Amino acid sequence: MSKRFIIYLLAGTLLYMSLPDSTFALNISGNADLTYRQSTTKTASVTTKTETRSERYYINLDLNKRLTSTIALNGSIGMRFSKTGDKESQDFLPQFNLIFSPPPYFNTRFSMGYNRTETGINESNWITTDYWNASITSSPAYWPTFALNYYLSRQFDYEDVHLVDSTTSTITATATYNFTAMDTKIGIVSSFVNTLTEGNVGNATTSETPSNRSNISLSRYFWGKRISVGSALGWSRTKSIQKSDKVQDFSRSQDRSEGLYIDNPPSPTSVTLSNTPSLIDNNIATTANLIDLTSINRNIGLRLSAKRKISKFYLYVNSTATAAQLGAFIFGFNIYKSNDNITWTKIPTAPTVTYNSIFRRYEIDWGGMATTAEYFKVVNTLFVALATVNVTELEAVGPTTETVTDRIETSSDRVNGSLNLTVKPRDWIDFSYNLSYSLSESESDAGLADNFKTTSLGQGINFSVTAVPKYLHFTGNYSNSTTSPSSAPESSSNSYGLSLNSTILPTLRGNLAYVRSDSLSDGALKSTTDSITTNINLGLYKGVDMRFTNVFSISKQIDSGTKSDSQSYQVFLSARPWRQVQWSTTAVKSFADTTSSNGGSTSSTSDTITSTITYYPTKVVYISANFNLEPTMSQSYFATWRIAKTLQTNFNYGTSDISDNMSATIRFTPFQRLTITLRMSETTSGASRSSDFLARASMSL
Amino acid sequence: MRIPRLSILILLFFAVSCANLPNQAGLVKPEFKARLLLYIHSESAYPPDIRFTVDSMALQNSGGKWTEVAIPPVDISSTELSGNQKFLAELPVEPGRYKAVRLRIAKATRRGFDLALPPGGKLLFPMDIELNMGDSSVISMVWDAGKTVGKGILFQPSIVVEQEPLSSRGLLIYVTNSGSNHITIIDRSLERVVGAITVGDGPKGMVLGPTGERVYILNTISSTVSIIDTSNHFVFDEIGIISGNEPVELAVYSDPDNISPGEGKIYIINRGSNDVSVVDISRRRLIQTIPVGLKPSAIAVDVNRREVYVTNEISNTLSIIDVTTNTVKNTIVVEDRPSGLVINEDSIYVFNEGSNRISVVSQILRKVVRTINVGSGPKRGILAFSERLFVTGASGNVLTFIDPSGAITRTISVKGFPLNLMADEERYRIYVTAYNSSMVYLIDPNTEKVLKGLHVGKNPYGIVMLEQ
């Protein structure tokens, strides 16, 4: 079906293209990529060498056709072949899109696309992935914009019993309306999205996630745009419906075609039982053919409508004995099976027998040895003389495989809102406030543990003051967020920040920032962090800059009584003595002390020193060197040289206490569509050494 | 509905439509000829104070024919030009070879005193430039201001007109100009515009491919992805993506174990259809569309975690897409109007333009673990220079500098809707595109000041630095 489809598609397209009147915009593209890679690893006396060759070829034909002034069709047909080592795969890739664009005054666009991939995974089986999408968008002037999108993708193979078979479809509907009323910009958005996924390999599974969302936002300026107010309100409902089929065995009464009986045959294993319809007439009030259990070797059986697996007999009885007596009687039942009503085989396990007084039946269960046959019989090896026990009916019970569906539905509702206010009464001061609120409620069939409700509230204040224009500037902020879940204590956090920025001289600038943050649980303070950051920037000389940063921080964990102090000093120095040279060095020294509640303390220090030099002597040469002096010493060098426009080389060298590495790359582009790359790298680490060689040629149409 | 039947229906429709309707031209966009972008710069460190005004320009082709080009008058000052570059004009021209450019000078002065102009104010400068159909090319006029005045009064500027050879790949920066259909190439060692590449219509989102050999550019109007070879700076391939409305941004995922530059997947966010289109690079086609939240605004990929992150501006969420299955595996609620995001180690910084805060999402815990107050409608941002945060407040025309502790160290004014940023850590520069102007601003992260502006194309949007 699939291959035929592709052949028709190709043939139809080529036929149409050959018509004298057809006018297409055509484009043929393709590429070929050949790679050879050799890797060698030497560890002690063991050498491992691997070689990989890969080839990839791809050719594609693009078609563009404007059918009418409003309808256009475009598409492409591609074929790809790839081989890596011994693994081969090939793809056929047709793709078509139909686009309908009415004249501009309708502002409507419709498009539909089809995309298919046939991938050959072996000679007998292919995997098809196909994909449909359709969308319609309408945005008439002064009216809301509507968009409807539908996606359908399917993946399947051609085995009789599918190894791959799944379908996913998604529908998205959106309405958007933006307008201005009473100098207020208003935006309304509403959407519905539903994704349905069906898996049909093994047990069928279905997943569906319908969701609805609506949102309205308003914004307005006042006082010559010095005051700005914005607010938004949103609502959403998301559901998740998961269905999965599973196969389960149930005990069910099996269809009977004949009742069978014979009394005391010479041998229970070689005998033909006579048809006795009254044993299977569903009448448990009347004794079946006067069968009783007052003597041994009563052969009471039945024939099933087909061979079935049976694990239990229900032997219905009628007796003058009390239920307690019947429960105490022992008949020594044996079970036999046969496929011809002549030769019978005894089931070796002795069945368990219980008397069910409600249904007035003996339940003879050999479940552990459930077996398959067409004929079954029960034979009593003992009898009871105390009372007459008449048999009225015989029922056979066996496991029946049935498919059941598990369904779990989870729904989640959310309401959220926000408010923003920005005030700039003068050019040197501005202030903003924001507030956000969210309420989420979730319910699930899976259990009460998945039902919860969470309320979140957040607010923030920012201000900025330019005290002395160009010289002194203050900023401050406060933020708070509180989360109240139904299943856990309320948690909240606060953050306070204040910073001062000063430009003392054109070449000297500094800032000082203080930040305090704390976290609370159920109203109780849990932790605090205070930090002070100082930055000083110095323009030492033209092209020579220095930046000094100091961070001092104290953290306290209230519950554990742990206190941590840390300080770090960072000096950054950069110099650009000539345009082609840039040098920079960063040095960081950090101290940390932690004191626990029992008085124990730990201290640590760390140092980092790094330096980078870059040099561009000409436009075609670029050299850089990186040095790490602390905490570990390492160096790396990089150079690139574009020898000609078509030839570029790169060199890397790095060394550290742990390993050394080196690599070189040559990239040659004799003409724009052909690139040849050669790369060699080697890494040495202790006694092990690995090298890698890559050669690749890529050509494109 | 069964797929094969639908296929047959489409084919039938296709055949019937073609049979009964008149032929028309294919879906080829109107022919774009060629474009010259003319700049002037001076390398004189201490030039004399000379100013002149250019009010007209003409180009001479190899056949000797002159083509006059009307331009608005441009004032050029030697002191302002020292170490800087000035944009003169964008000239749509016929493809071909050009051998001279002629400027008409309206006025020239030295220290405020008029200089004598040549006859008709016309100055001729030879050049040798060949333009093919569709090319965009940057022409630099290099003015030696110290050699401008002859005989004490004559205005005879020494100007060399050249098409600058491009530096090594690692020194270059690409900028998409969504209002023009070209990419601007900036040399970060020279700090000036040195080249241009024509791409599709409305280029916006741009990312560097994993091997550094390709740059992927999303053309939002022509619904294509242009793939540029970064060694030779030409459009290597163009992939059509007829899916989704209002595509704006893209990300590229390539298997970290796969070394080939032509393999991988492009993820494109579509603001109008609220979904993500997945395009297979080697197969050059759309392979899937993934619905996400309302108004997806930004996208980033984490190759090692094999995840794609999308912020949804109206839903106030962050969608996490598994690249193996191409499905949304997590949705995390952030704050009002998340407009941008950046990945740093195990965290995702989400810039919430509506709530004036940054949400820091832990990639491990899958929840918001920290918020940072910004106070200026944060739209995009980057982490660079030892974990410092640089955040653009586009609507407020500001750039905010934030220390690793979360303290704002300064907020500066950057005109023209500052949008995307890029950090050049080797040369200590921050580059910011100003969408409502035609400028890219260079900012010193140490002094926290705007150093200069480079004139690029219209509505600059994305910016990436190439790798060696």
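Reader: What share of the 701 residues in chain A is buried, and what makes a residue count as buried?

Author: Buried residues make up 37% of the 701 residues in chain A, where buried means under 20% relative accessible area, exposed means over 50%, and partly exposed covers what lies in between, with a 1.4 Å probe and protein chains only. In chain B, 65% of the 468 residues count as buried.

Reader: How was the model obtained, and which conventions apply?

Author: This is a predicted model, in which local features need pLDDT of at least 70 and side-chain atom pairs count only at pLDDT 80 or more, whereas totals for chains, interfaces and linings use all residues. Residues are numbered from 1 along each chain as its sequence is written, chains are lettered from A and ligands numbered from 1 in the order in which they are written, and side-chain values use heavy atoms, with hydrogens and water left out.

Reader: How do you know where in chain A the confidence is lowest and where it is highest?

Author: The guide is pLDDT, the predictor's confidence in each residue, from 0 to 100. Chain A has a mean pLDDT of 85, with 94% of its residues at 70 or more. Among its elements, helix α1 (residues 2-18) of chain A has the lowest mean, 59, and strand β17 (residues 333-338) of chain A the highest, 93. Where pLDDT is low, the predicted coordinates should not be read in detail.

Reader: Which elements does chain A contain, and why is the chain called more spread out than a compact globule?

Author: Chain A has two helices and 38 strands, these being DSSP runs numbered from the N terminus (H or I over at least four residues for a helix, E over at least two for a strand). The radius of gyration of chain A is 42 Å, well over the 27 Å that the globule rule gives for 701 residues, so chain A is more spread out than a compact globule. The radius is taken over C-alpha atoms, and the rule is 2.2 Å times the number of residues to the power 0.38. Along the principal axes, the C-alpha trace of chain A spans about 120 × 80 × 80 Å.

Reader: What makes chain B as compact as a globular protein of its length?

Author: Chain B has two helices and 39 strands. Its radius of gyration is 25 Å, close to the 23 Å from the globule rule for 468 residues, so chain B is as compact as a globular protein of that length. Its C-alpha atoms fill a box of roughly 80 × 70 × 35 Å, taken along the principal axes.

Reader: What share of the contacts in each chain joins residues at least 24 apart in sequence?

Author: A contact means heavy atoms within 4.5 Å. Among contacts between residues at least 6 apart in sequence, the share joining residues at least 24 apart is 52% in chain A and 51% in chain B.

Reader: How far apart are the mean positions of the positive and negative charges of chain A?

Author: They are 10 Å apart, for 61 positive and 55 negative charges. Chain B has 47 positive and 47 negative side chains, and the centres of these two sets lie 4 Å apart. Lys and Arg count as positive and Asp and Glu as negative, while His and the chain ends are not counted; the place of a charge is NZ of Lys, CZ of Arg, CG of Asp or CD of Glu.

Reader: Why is Leu163(A) called exposed?

Author: Leu163(A) has 60% relative accessibility and therefore counts as exposed. Leu163(A) lies in the loop between β7 (145-157) and β8 (165-181) of chain A. Leaving aside neighbours within four places in sequence, Leu163(A) is in contact with Asn125(A), Asp157(A) and Val201(A).

Reader: What makes the backbone of Asp522(A) notable, and is the residue buried or exposed?

Author: Asp522(A) has a positive phi of about 55° although it is not a glycine, and its place is the loop between β27 (508-521) and β28 (524-541) of chain A. With 59% relative accessibility, Asp522(A) counts as exposed.

Reader: Why are Asn397(B) and Asn84(B) called partly exposed?

Author: Asn397(B) has 29% relative accessibility and so counts as partly exposed; Asn397(B) also has a positive phi of about 55° without being a glycine. Asn84(B) is partly exposed because its relative accessible area is 28%. Asn84(B) sits in the loop between α2 (78-81) and β4 (85-93) of chain B and, not counting residues up to four places away in sequence, touches Ile40(B), His41(B), Ser42(B) and Lys452(B).
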